[in-house]
Structures are given as C-alpha cells and as structure tokens.
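Got the viewer open? Here is a walk through the chains, one selection at a time.

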Amino acid sequence: MNRRVRLLMVLAGGAGLAALLVAACLDMPGFGGDRHPYGDRAVHESLARRTANTIASVNFDQRAFDTLGEMTILFGAVLGTVVLLRQTRDERRAAPRPEDVAPPVRRYALAVLPVAVLTGLYVIAHGQLSPGGGFQGGVVAATALHLLYLGADYRALERIRPVGLYEVGDALAASAYLVLGLAGVLAGTAFLANTLLPYGTFNTLTSGGTVPLLNAAIGMEVACAVVVLLARFLDQAVEIEEESGT
Amino acid sequence: MNGWTTAATLTFAGGVGATVWGVATGPLRRRVVAQNLSSALACPGLLLLAQGYGRPAYVDLALVLALLGPVGTLVFARLLAEELAADPPASPWATWCAAGFAAVVVLVLCAATGPGRAMVKLLVTGALLTGGNLVASRALAGGFPGGRRG
Amino acid sequence: MSVLPYLVAVWIFLVGAHGLATSRNLIHAVGCLAVCQSGTYVLLLAVGYREGATAPVYADLEPGSRPVVDPVVQALALTDVVVGATVTALLLALVMQIAKRHGTVDPDELSELRG
Amino acid sequence: MDDPAVVVALLLVAAAATTAVAVRDPVRQALVLAVLGLALAVLFTVLQAPDVALSQLAVGSALTPLLLLLSVRKVRRRQKQETKGEPE
C-alpha cells in the first residue's frame with residue numbers, strides 16, 4: 001500500500017469519525033451546565049470524611065482501587081522501559097566528559113535544586129488539603145534532582161543518585177499501597193476501605209484517614225519511577241555507545 | 001469576570017498567543033526564546049487568576065511554574081547547545097520586558113493582599129520567576145560553551 | 001457557543017490522529033500521540049465544568065459557600081496526565097530499540113525492510 | 001458561556017496542538033509541546049481544575065521535553081555513527 005492510498009484511507013476514516021464525534025458533541029449536555037449528580041455526591045462524601053481536597057478524596061478513598069490500576073500501569077511502563085533500555089553485550093559505557101557551564105547558570109541550578117525538591121515534598125504533603133498530591137509532587141521532586149545534570153554534569157548527578165536504591169523505592173512504594181489496601185481487609189472491612197484510621201480534624205495534615213498515607217505512597221512511587229526512567233534515558237543518550245570497530 | 005481575570009485573559013491572549021506564534025515559525029533561535037517567554041508570561045497570568053478567583057491556593061500553580069519553566073528552558077539550552085552555538089539567540093529587550101512585567105504584577109498583587117504569609121509566597125514566586133527566566137535566557141545565549149559533550 | 005469546548009477536544013484528537021498517520025519520524029509520532037491524549041483531558045474537564053463555580057478544594061474555602069465543579073473527572077484526568085507521561089517514555093524506549101535494530105526511525109522505510 | 005478566559009484558553013490550546021502536529025522536526029516539535037503543555041495548564045486553571053493543571057505543568061514543562069530530546073540525541077548519534085562507518 002503506497003502513501004497516497006494510505007493517506008486517502010486515513011482522510012476517509014477521519015472524516016467519518018469527525019462526523020460521528022461532532023454529532024455526539026451537539027447532543028451532549030451543554031458546557032457549564034448545573035447538573036453534576038455524581039460530582040455533588042463525591043463532594044458530600046469527601047466532606048463527611050474530612051478530606052479538604054475533594055480530588056484527593058476521589059483518588060485515594062472513593063476510587064482508590066482505580067488509582068491502584070493507574071499505579072500498576074505506571075509500574076509496568078517503568079519496568080518495560082528498564083528492560084528495553086538495558087545495556088546489551090555489543091554496547092560499552094564511555095565516561096561522560098565534564099561539561100563547561102557558565103557560572104551564573106551553575107549557581108542558579110545549585111541554588112534552585114533544594115528549593116525545587118522542597119516544593120515537590122510540600123506538594124506531596126499537602127495533597128489532601130490544597131491542589132497537589134503524590135502524582136504532581138513526585139514529578140516535581142524527581143525533575144528537580146536533574147537540575148544537577150543541567151547545571152553541572154552527568155557525573156555529579158550519578159554521585160547523588162544510586163539508581164538501584166530508587167528501583168527498590170519504587171517497588172516498596174507500590175507494595176506499601178497494596179499492604180495499606182490489604183490492611184483494610186484484615187481489619188474486617190474491604191480492600192482499600194478508608195476505615196482504619198480516625199478521620200481527624202478538617203483541614204489539617206493528618207485529616208482524612210488513610211488518604212495521606214496512600215498519597216505519600218503514590219508520591220514516593222512516582223518520584224522513584226521518574227528518576228529511574230530518566231536515569232535509563234540519560235544512560236542511553238550520554239554514556240552508552242555501540243562497540244565500534246567490531 | 002473582574003479586573004484581575006480580565007488582565008489575566010489579556011496576558012494570555014496577547015502574551016502567550018504571541019509566543020505560540022513565535023514557537024511555531026522562524027529559526028530555532030527565535031523558537032527557544034519564545035518557549036522561555038511563554039513560561040515567563042503565563043506565570044504572572046496564573047497569579048492574576050488566583051487573585052481574580054479569590055483562591056490563594058491557586059498560587060501553588062504559579063510557584064511550580066516559576067520553578068520548572070526555567071528548568072524546561074535549561075533542558076533545551078543544554079541539549080541543543082551545538083545548534084544554538086552556531087546561531088546564538090539574542091533577545092535582551094523581550095526578556096527584560098517579560099521580567100519587568102512579572103515584577104510589576106507581583107508588586108501589585110502584594111499591595112492587594114497586604115502583609116502576611118501569602119505575600120511572602122508571592123515574593124518568593126516572583127523572585128524565582130524573574131531570576132530563573134533571566135538565567136535561562138543567559139543559558140540560551142551561550143550558557144554551555146563546551147557545546148555537545150556530555 | 002456552548003459546544004465549543006467539545007469541538008476543540010474533537011479537533012485536538014483528530015489533528016493528533018492525522019499527524020500519527022502521516023508522520024515520517026517515529027519520535028514525531030510519539031509527540032502526536034501526546035497531542036491526542038490531551039484531547040481527552042479537555043473533553044473530561046469540559047464535561048465536569050459548571051458555570052461560575054470554583055474548584056472543590058476546601059483549604060481556603062468555607063464548605064458550601066460557593067458552587068463547585070465536578071471533582072470526579074478531575075481525578076480521572078490528573079492521574080492520566082502523569083501515567084501518560086510514563087507511557088510516552090515507554091514508547092520512546094521502543095523507538096530507540098527500533099533505531100538500534102534497523103538504523104532508521106521512518107515508518108515507511110521500516111515496512112519496506114520487513115517486506 | 002460568557003467567560004472570555006475560557007474561549008481564549010481553548011483557542012490557544014487548539015492553535016498549539018495544530019502547530020505541534022504540523023511541525024515535522026522532532027526537536028522543534030518538543031518546543032511546541034512544551035508551550036502546548038503550558039496552554040493546557042492555563043485552560044485547566046480556567047476550568048477550575050488546579051490539580052490537573054499542576055499535573056500538566058509538572059509533566060509538560062520539563063519532563064516530556066527532556067525525554068523527547070534525549071531520544072532525538074540518541075537516535076541522531078547512532079545515525080551519525082552509521083554514516084561514518086559505511087565508507088570504510
């Protein structure tokens with residue numbers, strides 16, 4: 001099948017899909033409507049369990065099982081990347097050469113690194129109160145670590161980042177989520193049911209029962225996952241070279 | 001709609017709209033500058049929205065953008081150092097205009113909130129944003145003289 | 001006017017799909033897939049929006065004082081943004097393996113290699 | 001729908017998404033994707049979804065461009081090696 005025929009088929013299929021989707025859009029309830037029965041019940045339920053951030057309550061309490069699925073996809077994606085990007089027998093590691101960095105850029109990177117890691121931890125810790133949570137804060141903290149690669153060089157990053165430790169952390173965080181779910185079963189209720197801990201005072205760091213714990217587990221999982229992913233990509237792009245002359 | 005959200009909407013329509021155009025066309029040196037300016041302009045816009053909606057919690061968004069926006073530009077400066085060294089971007093007036101705009105917005109918002117923890121957070125965000133964007137623009141204009149090494 | 005957000009979501013999805021089908025570089029195709037994904041986020045959040053409401057985050061808000069938008073669709077979109085990024089990473093890893101095995105990332109050249 | 005902020009953000013997102021597909025060079029596409037991430041974050045804030053906006057900012061501003069550019073660098077270096085090796 002040549003390019004022309006394929007393009008025509010794509011255009012025909014796309015036009016059909018577009019017509020169906022537009023017809024569906026015209027029949028949807030109008031944008032900004034006042035009828036959100038499911039959302040209203042979720043807000044009510046979240047306030048009953050004293051979780052200030054309703055979205056965190058949906059993620060880690062009312063639909064915690066769903067989040068377990070998302071976490072499994074994340075774990076699987078990281079596992080797949082690690083397997084795909086491992087060093088094979090026909091590749092060798094070349095030590096990266098140190099990089100010339102202009103002094104203001106280096107100073108900025110080293111000064112902002114701790115601030116950014118702290119912000120990431122703040123976003124994780126306040127997940128059940130203000131906008132944020134494990135998913136967002138984990139990415140922020142893990143990205144922040146890589147300022148060391150951007151502002152200094154790859155060897156500096158490798159010194160503070162033992163990848164093995166982060167792989168263990170990833171697995172530990174994933175199992176912590178499962179164990180917290182099973183604890184609900186052992187306590188005589190249901191898997192991932194938020195009945196283990198007292199709900200606490202509204203709008204404090206410890207409110208919401210198991211929500212802060214699950215949130216912290218996800219934060220650790222995401223941070224470790226992103227560090228491991230970027231480590232494999234940096235290895236491939238910076239260090240690993242094909243054996244030449246064989 | 002109130003004055004704050006109107007100002008934010010104008011910032012997005014004019015500023016961020018212009019950077020979408022800038023990042024879509026032209027030589028690579030103009031595109032990287034447009035990418036840097038997009039975060040420098042969107043961050044004050046987010047601060048204005050937080051004030052306009054009366055939700056101090058939204059300031060977290062601007063804080064994270066002020067931290068990670070310059071980091072994103074550093075990524076491009078670092079990994080495209082070879083291409084940029086051949087054709088270095090120079091945009092002093094646009095960068096300083098964006099930094100000045102951010103500073104003005106932060107100061108006006110500080111005056112509107114009054115002293116307290118919220119004001120400290122605003123000042124930290126503003127300092128990180130202006131500093132970060134000036135450093136990121138410096139990095140684009142030859143921050144990695146070694147070129148493509150490690 | 002009240003269907004504009006849905007139409008924008010449809011447009012983003014279709015444009016991304018078109019780019020995916022006509023791409024000459026697998027890295028570019030992965031980028032187009034990311035565009036497709038963002039169409040779904042726009043659709044989800046447009047469904048949950050309520051005119052004149054604010055976010056159901058009560059850190060700085062008295063419960064019940066203002067109308068709020070639907071938190072359920074937000075929770076769906078927010079996890080998928082992060083999980084989508086790791087899936088993008090997995091696809092990019094696959095592209096690197098293809099480049100290593102076949103020495104090209106052009107899908108047309110790849111199908112010629114097999115045939 | 002009488003909120004101009006929503007309309008502006010929607011049009012920005014649509015323009016950035018169209019550009020991200022139309023730009024065929026992966027490096028330039030990474031730049032457009034960074035701006036698209038930002039436009040999406042603005043849209044999510046306007047739609048009163050700060051959590052999703054935060055997620056999008058964290059992922060779109062630095063992580064996705066870094067992943068894309070590292071892949072481009074790896075693929076290009078391999079192709080350079082091969083064209084260098086062929087005449088020998």
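Begin with chain C, bearing in mind that this whole model is predicted. Colour chain C by secondary structure and you should find four helices and zero strands, in the order α-α-α-α along the sequence. With a radius of gyration of 19 Å, well over the 13 Å that the globule rule gives for 115 residues, chain C is more spread out than a compact globule. Turn it along its principal axes and the C-alpha atoms fill a box of roughly 65 × 30 × 15 Å. Of the 115 residues here, 59% count as buried. If you draw the contacts in chain C with a separation of 6 or more, 50% of them link residues 24 or more positions apart.

**Next: where chain A meets chain C**

Keep chain C on screen and add chain A. This interface puts 47 residues of chain A in contact with 39 residues of chain C. On the chain A side, the elements giving two or more residues are α1 (3-27), α2 (37-48), α3 (54-62), α4 (64-84), α6 and α10. Colour that side by class and you get 30 nonpolar, 14 polar and three charged residues.

**Helix α5 of chain A**

Now select residues 103-125 of chain A, which is helix α5. At 1.5 Å a residue, its 23 residues should span 33 Å, and the end C-alpha atoms are 34 Å apart, which agrees. Look along the axis, though, and you will meet a bend of about 30 degrees at A:Val112. A proline, A:Pro114, follows within four residues of that bend.

Which residues of α5(A) are buried? Show side chains for A:Val105, A:Tyr108, A:Ala109, A:Val112, A:Leu113, A:Ala116, A:Thr119, A:Gly120, A:Val123 and A:Ile124. The spacing in that list is worth a glance. An α-helix has 3.6 residues a turn, so residues three or four places apart point the same way. To see what covers the buried residues, bring in α6 (134-145), α7 (147-151) and α10 (211-239) of chain A, plus α3 (59-79) and α6 (117-140) of chain B, which are included in the cover.

**A stop at A:Leu192**

Stay in chain A and go to the loop between α9 (163-186) and α10, where you will find A:Leu192. Its phi is near 65 degrees, a positive value in a residue other than glycine. Is A:Leu192 buried or exposed? It has 23 other C-beta atoms within 10 Å, so it is buried, given that 20 or more is the cut-off.

**Over to chain B**

Select residues 28-52 of chain B to pick out helix α2. This helix has 25 residues and reaches 36 Å from its first C-alpha to its last, close to the 36 Å expected at 1.5 Å a residue. Because 21 of those 25 residues are buried, α2(B) is largely enclosed by the rest of the structure. Just past the helix, click on B:Gly54, which has a positive phi near 65 degrees.

While you are in chain B, highlight residues 57-81 and 93-112, which UniProt lists as "transmembrane region" in an unreviewed entry. Residues 57-81 are 88% helix and 0% strand, with end C-alpha atoms 37 Å apart. Residues 93-112 are 100% helix and 0% strand, and their end C-alpha atoms are 28 Å apart.

**Last selection: chain D**

Chain D has three helices and zero strands. Its radius of gyration is 18 Å, well over the 12 Å that the globule rule gives for 88 residues, so chain D is more spread out than a compact globule. The C-alpha atoms fill a box of roughly 70 × 25 × 10 Å along the principal axes, and buried residues make up 72% of the chain. Try selecting residues 11-77, where an unreviewed UniProt entry places "domain: MrpA C-terminal/MbhD". That stretch is 91% helix and 0% strand, and its end C-alpha atoms are 38 Å apart.

Zoom in on the loop between α2 and α3 of chain D for D:Gln48. Its phi is positive, about 65 degrees, although it is not a glycine. D:Gln48 is buried, with 25 other C-beta atoms within 10 Å.

Finally, show chains B and D together. Here 31 residues of chain D are in contact with 35 residues of chain B. On the chain D side, α1 (4-22), α2 (26-46) and α3 (50-85) each supply at least two residues, and α3(D) gives the most, with eleven. By class, that side has 25 nonpolar, three polar and three charged residues.

Terms used
Residues are numbered from 1 along each chain as its sequence is written. Chains are lettered from A and ligands numbered from 1 in the order in which they are written. This is a predicted model: local features need pLDDT of at least 70, side-chain atom pairs count only at pLDDT 80 or more; totals for chains, interfaces and linings use all residues. The expected span of a helix is 1.5 Å times one less than its number of residues. The bend at a residue is the angle between axes fitted to the seven residues ending there and the seven starting there. A residue is buried if 20 or more other C-beta atoms lie within 10 Å of its own, exposed if 12 or fewer, and partly exposed in between; C-beta atoms are placed from the backbone. Two residues are in contact if their C-beta atoms, placed from the backbone, lie within 7 Å. Ala, Val, Leu, Ile, Met, Phe, Trp, Tyr, Cys and Pro count as nonpolar, Asp, Glu, Lys and Arg as charged, and the others, Gly among them, as polar. The radius of gyration is taken over C-alpha atoms; the globule rule is 2.2 Å times the number of residues to the power 0.38. UniProt positions are given in the numbering used here, feature names are shortened, and annotations may be inferred rather than shown by experiment.
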